[in-house]
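I opened my notebook next to the model and jotted down what I looked up. Here are the entries, in the order I made them.

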Amino acid sequence: MNELFMRKAIRIASESVMNGGGPFGAVIVKDGEIIAESANSVTQDNDSTAHAEINAIRQACFKLGTFDLTGCDIYTSCEPCPMCLGAIYWARISHIYYGNSRKDAANINFADDYIYEEIGKSPNNRNLPIIQMLRDEAQETLRLWMEKTDKIEY
């Protein structure tokens, strides 16, 4: 772990606030070199998925030409929200280092902690209705995937 990379993520977050963005920054490192860095750009891009970690993952994947970031570490100014945590797992990033906690984010009105709590509930007990439909028809897509011989596993 390298404090310089965390300080860079924190600096990116601070600069983001000064430039009208959210208070989050992320840096992705491979073999001791920064390969991607980004701030939260939700309000600038009008994109609710434009979190610092997601933006940095997209940059890193583009730069490395792969969706698999095994061997990379992410330094983020705040504990990743559930969406970002999921993306980090999907990207196979090796380590997560973070500054502020999700409780810290909740204290300034970010919903990270609330979403973590919602995920822990069974779907029928969540505040946002989740309704399964047409499962039998949807199963066809999974069958097609399983039978495909030239698929790229991820």
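**Entry 1: around Ala91**

I started with the contacts of Ala91: leaving aside residues up to four places away in sequence, Ala91 touches Ile57, Phe67, Asp68, Leu69 and Thr70. I keep in mind that this is a predicted model. Ala91 belongs to helix 4, which covers residues 82–91. Is Ala91 buried or exposed? I read a relative accessible area of 5% for Ala91, so I wrote it down as buried. I also checked Ala91 against Ile28: the two are 63 residues apart in sequence, and their C-alpha atoms are 11 Å apart in space.

**Entry 2: the whole chain**

Next I stepped back to the overall picture. I counted seven helices and four strands in the chain. Read from the N terminus on, the order of elements is α-β-β-α-α-β-α-β-α-α-α. The C-alpha trace spans about 50 × 40 × 30 Å along its principal axes. How many residues does the chain have, and what share count as buried? The chain has 154 residues, and 35% of them count as buried. I noted an exposed area of about 10,100 Å² for the chain, with 56% of it supplied by carbon and sulfur atoms. Among contacts between residues at least 6 apart in sequence, 47% join residues at least 24 apart.

**Entry 3: the cysteines**

I looked for disulfides and found zero in the structure. Why is Cys78 not in one? The closest cysteine sulfur, in Cys81, is 9.0 Å from the sulfur of Cys78, and that is too far for a bond. Cys84 is in no disulfide either; its nearest cysteine sulfur is again that of Cys81, at 3.7 Å. The cut-off I needed here is 2.5 Å between the sulfur atoms. I checked burial as well: Cys78 counts as buried because its relative accessibility is 2%, and Cys84 counts as buried at 0%.

**Entry 4: the largest pocket**

I then turned to open space at the surface. The largest pocket has a volume of about 280 Å³. Which residues lie nearest its centre? They are Phe24, Asn40, Val42, His51 and Phe110, out of 19 that line the largest pocket. Helix 2 (42–45), helix 3 (52–64) and helix 6 (112–119) are the elements that give two or more residues to this lining. Sorted by class, the lining of the largest pocket holds nine nonpolar, seven polar and three charged residues.

**Entry 5: helix 6**

Helix 6 came up in the pocket lining, and I went back to look at its packing. Which residues of helix 6 are buried? I listed Asp112, Asp113, Tyr116 and Glu118. The buried residues of helix 6 pack against helix 4 and against helix 5 (102–107).

**Entry 6: two asparagines with positive phi**

Last, I looked at backbone angles. Asn46 has a positive phi, near 50°, and is a residue other than glycine. I placed Asn46 in the loop between helix 2 and helix 3. With a relative accessible area of 72%, Asn46 is exposed. Asn109 is not a glycine, yet its phi is positive too, at about 75°. Where does Asn109 sit? I found Asn109 in the loop between helix 5 and helix 6. Its relative accessible area is 74%, so I marked Asn109 as exposed.

Key
Residues are numbered from 1 along each chain as its sequence is written. This is a predicted model: local features need pLDDT of at least 70, side-chain atom pairs count only at pLDDT 80 or more; totals for chains, interfaces and linings use all residues. Side-chain values use heavy atoms; hydrogens and water are left out. On a 1 Å grid over the protein atoms alone, a cavity is a set of points where a 1.4 Å probe fits but cannot get out, and a pocket is an open set with protein on both sides within 12 Å along at least five of seven lines; lining residues have an atom within 4 Å of a point. Grid points are joined across faces, edges and corners, and a volume is the space filled by probe spheres set on the points. Ala, Val, Leu, Ile, Met, Phe, Trp, Tyr, Cys and Pro count as nonpolar, Asp, Glu, Lys and Arg as charged, and the others, Gly among them, as polar. Buried means under 20% relative accessible area, exposed over 50%, partly exposed in between (1.4 Å probe, protein chains only). Contact means heavy atoms within 4.5 Å. Accessible areas come from the Shrake-Rupley method with a 1.4 Å probe; for residues, only the protein chains shown count as cover.
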